[in-house]
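Here is a colleague's note, set out as numbered points, to be read with the structure open beside it. Please follow each point on the model before going on to the next.

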Amino acid sequence: MLTLSNLCKRYPTGDLALTDIDLTLPRGQVLALIGPSGAGKSTLIRCVNRLVEPTSGSVTLGGVELTRLSGRRLREARRAMAMIFQEYALVDRLTVMENVLSGRLGYVGFWRSFLRRYPQEVVAEAFHLLERVGLPHAIDKRADALSGGQRQRVGIARALLQRPELLLVDEPTASLDPKTSRQIMRLIRELCAEHELAAIINIHDVLLARQFADRIVGLRAGRIVFDGRPEELDADI
Ligand code: ADP
Ligand code: ADP
């Protein structure tokens with residue numbers, strides 16, 4: 001479904017962040033990207049949706065070469081990818097429901113004055129997702145009143161409301177305690193199965209990667225040094 005081919009990224013500073021990345025991700029597969037800080041994990045995730053512009057190579061999603069698109073066609077293609085962030089990236093002054101709804105339009109602030117006219121089926125879908133992530137009682141709370149784990153659950157519901165085919169997840173547990181981290185990873189894992197979603201999860205914690213991913217890709221200095229099933233990964237990596 002997603003194919004990266006010969007992907008390279010050199011930043012203007014001269015840092016070579018990715019070299020010759022070849023990767024094919026089938027529908028529904030959950031891939032954990034591991035490797036030391038500076039290995040290129042964030043750059044790889046951001047090259048997929050072109051938040052970072054690759055220097056060379058191609059990104060193809062569902063048969064469409066994203067690296068050839070621009071403007072409106074790129075924005076449309078990007079809708080098939082939803083991002084979940086390390087710091088949740090919620091709008092603090094908006095409620096939980098408002099934050100989730102922003103996933104559908106992708107532009108907070110614009111739709112707020114139109115809330116009453118917001119399609120009821122989208123609101124119902126958002127409510128259903130908030131139930132699924134365990135927050136049905138919190139829909140009217142402001143985002144800044146939530147714990148870290150709750151904020152990440154909102155981020156997950158918002159991403160799913162976008163009805164993506166691919167989740168791009170950047171260090172989802174970096175700010176969470178170990179128990180909450182496992183709960184969040186389990187939730188992402190289950191939702192990927194329920195919605196037949198593929199995911200690339202950039203994660204420092206190798207134990208979590210082993211426990212919750214179908215496949216592990218190890219990066220080191222911008223190159224793939226491991227690509228296989230969790231049980232094939234040597235214990236010392
Ligand atoms: P992480 O370990 O999650 O990659 P970093 O501390 O390496 O976090 O990077 C944090 C932010 O700084 C990122 O947005 C990254 O793109 C940016 N960054 C990292 N290295 C450089 C650099 N050499 N020059 C400019 N920006 C950088
Ligand atoms: P990771 O996510 O694995 O920690 P990154 O993708 O953040 O790795 O960084 C890979 C390399 O690219 C590092 O050498 C980092 O310093 C460099 N880098 C990251 N972001 C930037 C940036 N915005 N400008 C310049 N160099 C960057």
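1. In which sense do strand E1 and strand E2 pair, and over how many bridges? Strand E1 (residues 2-10) and strand E2 (residues 16-25) run antiparallel to one another and are joined over six bridges. Helices (H or I, at least four residues) and strands (E, at least two) are DSSP runs, numbered from the N terminus, and two strands are said to pair if DSSP finds at least two bridges between them.

2. Before going further, please keep in mind that this is a predicted model, in which local features need pLDDT of at least 70 and side-chain atom pairs count only at pLDDT 80 or more, while totals for chains, interfaces and linings use all residues. Residues are numbered from 1 along each chain as its sequence is written, chains are lettered from A and ligands numbered from 1 in the order in which they are written, and side-chain values use heavy atoms, with hydrogens and water left out.

3. Between E1 and E2 the hairpin has five residues, and there Gly14 adopts a positive phi near 100°. Two bridges can be traced into E2: Lys9 has Leu18 as its partner, and Leu2 has Leu25. Leu2 also has a bridge partner in E4, namely Leu61, and E1 pairs with strand E4 (residues 56-61) in the antiparallel sense over five bridges.

4. Taken together, four strands make an open, antiparallel sheet in the order E2-E1-E4-E5. E2 and strand E5 (64-65) are at the edges, and each has a single partner strand, so one side of each has no neighbour in the sheet. As background, strands of a sheet pair through backbone hydrogen bonds, either parallel or antiparallel.

5. Is Gln29, which is found in the loop between E2 and strand E3 (30-34), buried or exposed? Gln29 counts as buried because its relative accessibility is 17%, where buried means under 20% relative accessible area, exposed over 50%, and partly exposed in between (1.4 Å probe, protein chains only). The side chain of Gln29 makes a polar contact with that of Arg215 at 2.9 Å; such a contact is a pair of N or O atoms within 3.5 Å, and within protein one must be able to donate a hydrogen and the other to accept it, while residues adjacent in sequence count only if both atoms are side-chain atoms.

6. The largest nonpolar core (buried Ala, Val, Leu, Ile, Met, Phe, Trp, Tyr and Cys residues joined through side-chain atoms within 4.5 Å) has 46 residues, and those touching the most other members are Leu130, Val133, Ile156, Leu167, Ile188, Ile201 and Ile203. Apart from this core lies another, of 30 residues, including Leu7, Leu25, Val48 and Val52.

7. Around ligand 2 (residues with a heavy atom within 4 Å) are several residues, among them Tyr11, Asp15, Gly38 and Ser42, and helix H1 (residues 41-48) gives the most to this shell, with three residues. An oxygen atom of ligand 2 is 2.7 Å from a polar backbone atom of Gly38, and a polar side-chain atom of Tyr11 lies 3.4 Å from a nitrogen atom of the ligand. The protein covers 65% of the 560 Å² of accessible area that ligand 2 has on its own, areas being computed by the Shrake-Rupley method with a 1.4 Å probe, and for residues only the protein chains shown count as cover.

8. Ligand 1, finally, is surrounded by Asp15, Ser37 and Ser42, and a polar side-chain atom of Ser37 lies 3.1 Å from one of its oxygen atoms. Of the 550 Å² of accessible area that ligand 1 has on its own, the protein covers 26%.
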